[in-house]
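Visitor: I would like to go through this model and ask why things are called what they are called. Please set each value against its rule.

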Amino acid sequence: RSSWLLLAPLLTPPIPVITAPPCSLCPEGAHRFQWIRNLVPEFGISSSHVKVLSSPAEFYELLKVQIKAAKQRVVMASLYLGTGLLEQELVDCLEETLEKSLQSKGSPDLRVSILLDYTRGSRGRKNSRTMLIPLLQRFPEQVRVSLFHTPNLRGLLRLLIPERFNETIGLQHIKVYLFDDNVILSGANLSDLYFTNRQDRYVLLRDSPEIADFFTELVDAIGDVSLQLQQDDTVQMMEGMVHPYQGDKVAYCEIANRRVMEVINSARTRQELLHAKTFHSSQPGSSLLSQQGSQASGSLKPEPDTWIYPLIQMKPFGIQIDEMVTETLLTEAERDARVYLTTGYFNLTQAYMDLILGTRAEYRILLASPEVNGFFGAKGVAGAIPAAYVYIEHQFYSEVCYLQQQERVQLQEYSRAGWTFHAKGLWLYLAGSDLPCLTLIGSPNFGYRSVHRDLEAQVAIVTENKALQQQLHQEQEQLYLCSGVVSTSTFEQPNRYVKLWVKLVTPLIKNFF
């Protein structure tokens, strides 16, 4: 059932949008990445509010603790929610917390908003929807479940493509988990593998109300243009909203663009006003009385030494901020700077590959060996996907060798018995520095899907604080320790043999996975 071959001629291209490039990096000053705030809001925080997690178990336990402690809001965006015992325990935690809120005096304050992908969340008889319906039935006024459906899966295409394969057209891929004012950003989904033996990345931003507000508004905006799950397992759009696959595609995408850009631009304006206010109040001539008042009320925050920039990529809606920022970072990385880039699915866009091969920084690229690829051992056509990734990797490595760049651009394969690999992101070490000053963390894989098809979000974390830089460095080292350097002999191993049909089909389908 190689339905993938049918997809290419049936697909319609995304709406083209021309966007001005950002200004290049400022070489002076401690914080040389302030140009990013020309595109997105800049959130200045104390590094003491940032904690880097290292294991799936730690991530899972933190989710449960945070759900149980939540008083005002729980907002969770993921590709899907699994159907196993660990996932049921998460749902039970939500139910327990909602019940507690319901029994408190006055009207219940707690609101739960969950955003998932429609196609992935509807797969199989027992699925994400059936897991969450009991919450909707028990707490109809407090719980919202939104299921995003890509506008590119419509008409004949939607009728022809079977379950699972329909997920190749486009997905809601953002992963953000927030509880009151605490935010977890990750590439991990809400599924048992991601809680046990599927390695990912995770960062907790504690007591960060402005960042939590931003991601709440972002999830609300996507939720508003998504299908709303009902108590009887049906779905419907909000009143007056254009339908994603039955309505006019251009109108739908324009509304979605407007909703998401409103969130980004209003947060950017708020943060700029906050910066201006903070700057003026910190001047020598500012009122001593107002400063004393701030101290008395306990609202005086420490000077920020860490800056958070949310980077959004939603090409179906004409939003390509993450792509612009990533390309600029790769373009401007100086000679002797080191870029550690990792992806669970090595399928870089041509633009990213050209920048890596054509710029001066050193690159250490970490990717999954075939055995730790999430598709390893899958049934049917999906079982050939690890071989397709080997073929793509071999082609890129051959290009590196042809350009004699093996010293500057190094590939490393993650390998760990009994585990799979799903970590993605980037760490930037400036020339002469042993510690990273910037990391990208979130959902994008740097591939065609992330850039063109799916809804993605990550954050750039820029820090001057040595302790946080050390945390990020240790995270990078821990991941790269489980890897081996790729060489010509790597592709001579028997398990790297790629069948001819896979080589022929890969160029046709590489934009779908």
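Guide: This is a predicted model. A place to begin is the aromatic cluster formed by Phe 59, Tyr 60, Tyr 177, Phe 195 and Tyr 202.

Visitor: How many aromatic pairs are there in total?

Guide: The count comes to 16 aromatic pairs. One of them joins Tyr 414 and Phe 421.

Visitor: What makes the pair of Tyr 414 and Phe 421 stacked?

Guide: The ring centres lie 4.3 Å apart and the planes differ by 20°. Ring centres within 6.5 Å make a pair, and planes under 30 degrees apart count as stacked. The pair of Tyr 414 and Phe 421 is therefore a stacked one. Both residues, Tyr 414 and Phe 421, are buried.

Visitor: And why is the pair of Trp 427 and Tyr 480 called edge-to-face?

Guide: Between Trp 427 and Tyr 480 the centres are 6.3 Å apart, with 80° between the planes. An angle over 60 degrees counts as edge-to-face, so that name applies here. The pair links distant parts of the chain: Trp 427 belongs to strand β18 (residues 425–429) and Tyr 480 to helix α15 (residues 466–481), 53 residues apart. Trp 427 and Tyr 480 are both buried.

Visitor: How do you know that Arg 120 lies over the face of Tyr 80?

Guide: Arg 120 is 3.7 Å from the ring centre of Tyr 80. The distance limit is within 6 Å of the ring centre. Likewise, the charged end of Arg 158 is over the ring of Tyr 245, 3.7 Å from its centre.

Visitor: What about opposite charges?

Guide: Side chains of opposite charge can pair when their charged atoms come close. In the whole structure, 21 salt bridges are found.

Visitor: Why is the contact of Glu 89 with Lys 64 called a salt bridge?

Guide: The closest N and O atoms of Glu 89 and Lys 64 are 2.8 Å apart. The rule asks for within 4 Å, so the pair counts as a salt bridge. Glu 89 lies in helix α3 (residues 85–103) and Lys 64 in helix α2 (residues 56–69), so the pair ties together parts 25 residues apart in sequence.

Visitor: Are Glu 89 and Lys 64 buried or partly exposed?

Guide: Buried means under 20% relative accessible area. Lys 64 has 10% and is therefore buried. Glu 89 has 33%, so Glu 89 is partly exposed.

Visitor: What makes Glu 58 and Lys 51 a salt bridge?

Guide: Their closest N and O atoms are 3.8 Å apart, and the limit is within 4 Å. Glu 58 counts as partly exposed because its relative accessibility is 28%, and Lys 51 counts as partly exposed because its value is 36%.

Visitor: Which parts of the chain does the salt bridge of Glu 217 and Arg 270 link?

Guide: The closest N and O atoms of this pair are 3.6 Å apart. Glu 217 is in helix α8 (residues 209–224) and Arg 270 in helix α9 (residues 249–281), 53 residues apart. Glu 217, at 27% relative accessibility, is partly exposed; Arg 270, at 37%, is partly exposed. Elsewhere, Arg 144, Asp 220, Asp 224, Arg 259 and Glu 262 are linked in a network of salt bridges.

Visitor: Why are α13 and α16 called roughly perpendicular?

Guide: The axes of helix α13 (residues 385–402) and helix α16 (residues 500–509) come within 9 Å and cross at roughly 75°. Angles of 65 to 115 degrees count as roughly perpendicular, and α13 and α16 are therefore given that name. Ala 387, Ala 388, Tyr 391 and Ile 392 of α13 meet Val 502, Lys 503 and Thr 506 of α16.

Visitor: And what makes α3 roughly parallel to α5?

Guide: α3 and helix α5 (residues 128–138) pack at an angle of about 5°, with axes 10 Å apart. An angle under 35 degrees counts as roughly parallel, so α3 is roughly parallel to α5. Residues in the contact include Val 91, Leu 94 and Leu 98 of α3, and Met 131, Leu 132 and Leu 135 of α5.

Visitor: Why does Gln 410 count as partly exposed?

Guide: Gln 410, in strand β16, has 22% relative accessibility. Buried would need under 20% and exposed over 50%, so Gln 410 counts as partly exposed. Among the residues that Gln 410 touches are Tyr 363 and Val 485.

Notes. Residues are numbered from 1 along each chain as its sequence is written. This is a predicted model: local features need pLDDT of at least 70, side-chain atom pairs count only at pLDDT 80 or more; totals for chains, interfaces and linings use all residues. Side-chain values use heavy atoms; hydrogens and water are left out. Rings of Phe, Tyr and Trp (its six-membered ring) pair if their centres lie within 6.5 Å; planes under 30 degrees apart count as stacked, over 60 as edge-to-face and the rest as tilted. Buried means under 20% relative accessible area, exposed over 50%, partly exposed in between (1.4 Å probe, protein chains only). Helices (H or I, at least four residues) and strands (E, at least two) are DSSP runs, numbered from the N terminus. A charge sits over a ring if NZ of Lys or CZ of Arg is within 6 Å of the ring centre and within 35 degrees of the ring normal. A salt bridge is a side-chain nitrogen of Lys or Arg within 4 Å of a carboxyl oxygen of Asp or Glu. Axes are lines fitted to C-alpha atoms, for helices over the stretch in contact, and angles run from 0 to 180 degrees between N-to-C directions. Angles under 35 degrees count as roughly parallel, over 145 as roughly antiparallel, 65 to 115 as roughly perpendicular and the rest as oblique. Contact means heavy atoms within 4.5 Å. Lists of a residue's contacts leave out its neighbours within four places in sequence.
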